[in-house]
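Grab your viewer and work through these exercises with the model open. Each one has a task, followed by a solution that goes step by step.

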Amino acid sequence: MTQNRARTVFLLAHTGRPAAVRSAELVVKGLLRSGLGVRVLEAEACDLPLPDEVRLVKEATPESLDGCELLIVLGGDGTLLRGAEFARASGVPMLGVNLGRVGFLAEAERDDLDQVVERVVSRAYEVEERMTVDVVVHRNGDVVHTDWALNEAAVQKVSAEKMLEVVLEIDGRPVTGFGCDGIVCATPTGSTAYAFSAGGPVVWPEVEALLMVPISAHALFAKPLVTSPDSVLAVEVLPHIPSGVLWCDGRRTVELPPGARVEVRRGAVPVRLARLHHSSFTDRLVAKFALPVSGWRGAPH
């Protein structure tokens, strides 16, 4: 079949996992058999048994996705976040297949590969936009670093024996200050990631909000805060303490000098996710965390 050849899909996989290699082979063969073009990074192609029809791309740049209608990502949470970087920069929707443990960003599981190929070929998927955050680091009034995150921007201490001393601010007004291991500023998408581990609330993806969650704070008032999506969150690191570190999505990091100020606001560019199912986030939450729901009888009709 060649009628679909003008359609192209980019495949990103964690080739260090045997399961990802097998899954990638199945997906590529299924797409090619249906007449779709496939692109893969050269660095990953070395570990994959790929047919000659697959187009190899040298670097993971937004331009390498030009003409692609979808980015399929096979792997765990780290690979899915790597794919999110790729998807955000290019504007191409990402379809995640979970080969890891939790995989909240994934839309399908390893056993669903045949269905994934079938739905991609027939264009039986929808695209939703997920809110991101833009991050700016100031020192002495100067911008010293900019970044973004889909899940969270986390300000953390560097050494195990020293606490981080911070003052929290929302919309230009101080809220509180304390010593802690860190502060997580998260999106609703990130509420089930690092923020969840730190004791933050689970926020449904369709709720537009920003979260600020303290990590092991030494204070009476150190509760998670949920603000408007239009709020500006700021974490000021006090100048008399050792430096901290900023992590964005657990992938990109920069040292925070004493006196640094980290501002987090709604991102200008969302990440687009391809959705195959109309199941509710509640069902996904129950399935991913294996929550006990036995005994539920449902609402009365």
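**Exercise 1. Decide whether strand β13 (residues 182-186) is enclosed or open to solvent, and check its two faces.**

Solution. Keep in mind that we're working on a predicted model.

Step 1: Use the cut-off for burial, which is under 20% relative accessible area. By that test, 5 of the 5 residues of β13 are buried, so the strand is largely enclosed by the rest of the structure.

Step 2: Split the strand by face. In a regular strand, side chains alternate between the two faces of the sheet. Here Gly182, Val184 and Ala186 sit on one side, with Ile183 and Cys185 on the other. Every one of these is buried, and both faces of β13 are covered.

Step 3: Look at the flanking strands. β13 pairs with β10 in the antiparallel sense, over 5 bridges, and Ala154 has Val184 of β13 as its bridge partner. β13 also pairs with β14 (residues 210-215), again antiparallel and over 5 bridges. There, Cys185 has Met212 in β14 as its bridge partner.

**Exercise 2. Work out the strand order of the 6-stranded open sheet, and say which strands are at its edges.**

Solution.

Step 1: Start from β10 (residues 152-157), which is joined to β17 (residues 244-248) by 5 bridges, with the two strands antiparallel. A handy check on this pair is Ala153, which stands opposite Cys248 in β17.

Step 2: Put the whole sheet together. The order reads β15-β14-β13-β10-β17-β18, and the pairing is antiparallel.

Step 3: Find the ends. The edge strands are β15 (225-227) and β18 (252-256), each of which pairs on one side only.

Step 4: Add the twist. Neighbouring strands of this sheet are turned by 15° against each other on average, ignoring direction.

**Exercise 3. How many residues of strand β16 (residues 233-237) are buried, and which strands pair with β16?**

Solution.

Step 1: Count the buried positions. β16 is mostly covered, with 4 of its 5 residues buried.

Step 2: Take one partner, β11 (residues 164-170), which pairs with β16 in the antiparallel sense over 5 bridges. To line the two up, use Ile170, whose bridge partner in β16 is Leu233.

Step 3: Take the other partner, β19 (residues 261-266), which pairs with β16 over 4 bridges, also antiparallel. In this pair, Glu236 stands opposite Arg261 of β19.

**Exercise 4. Find the largest nonpolar core and say which elements build it.**

Solution.

Step 1: Pick out the hubs. This core has 31 residues, and those with the most contacts inside it are Leu11, Leu31, Ile72, Leu74 and Val120.

Step 2: Map the core onto elements. At least two residues each come from β1 (8-13), α1 (18-33), β2 (37-41), β4 (68-75), β5 (94-98) and α4 (113-121). The largest share, 7 residues, is supplied by α1.

Step 3: Zoom in on Leu74. Leaving out residues up to four places away in sequence, Leu74 touches several residues, including Leu11, Ala20, Val97 and Leu113.

Step 4: Look for a separate core. Another one, of 28 residues, lies apart from the largest; among its members are Leu256, Ala260, Val262 and Val264.

**Exercise 5. Is Gly100 buried, partly exposed or exposed, and which residues does it contact?**

Solution.

Step 1: Place Gly100 in the loop between β5 and β6 (108-109).

Step 2: Compare the area with the cut-offs: buried is under 20%, exposed is over 50%. Gly100 has a relative accessible area of 30%, so it is partly exposed.

Step 3: List the contacts. Setting aside neighbours within four places in sequence, Gly100 is in contact with Arg17, Gly75 and Gly76.

**Exercise 6. Describe the largest pocket and the largest cavity.**

Solution.

Step 1: Begin with the largest pocket, which holds about 500 Å³ of space. It is lined by 29 residues, and Asp77, Asn151, Thr192, Ala193 and Tyr194 lie nearest its centre. Two or more lining residues come from each of α3 (77-90), β10, α5 (194-197) and α6 (281-289).

Step 2: Turn to the cavities. There are 2 of 30 Å³ or more in the whole structure, and the largest has a volume of about 60 Å³. Its lining includes Met94, Phe104, Arg130 and Arg284. The elements giving two or more residues to that lining are β5 and β20 (271-275).

Key
Residues are numbered from 1 along each chain as its sequence is written. This is a predicted model: local features need pLDDT of at least 70, side-chain atom pairs count only at pLDDT 80 or more; totals for chains, interfaces and linings use all residues. Side-chain values use heavy atoms; hydrogens and water are left out. Two strands pair if DSSP finds at least two bridges between them. Axes are lines fitted to C-alpha atoms, for helices over the stretch in contact, and angles run from 0 to 180 degrees between N-to-C directions. A nonpolar core is a set of buried Ala, Val, Leu, Ile, Met, Phe, Trp, Tyr and Cys residues joined through side-chain atoms within 4.5 Å. Buried means under 20% relative accessible area, exposed over 50%, partly exposed in between (1.4 Å probe, protein chains only). Contact means heavy atoms within 4.5 Å. On a 1 Å grid over the protein atoms alone, a cavity is a set of points where a 1.4 Å probe fits but cannot get out, and a pocket is an open set with protein on both sides within 12 Å along at least five of seven lines; lining residues have an atom within 4 Å of a point. Grid points are joined across faces, edges and corners, and a volume is the space filled by probe spheres set on the points.
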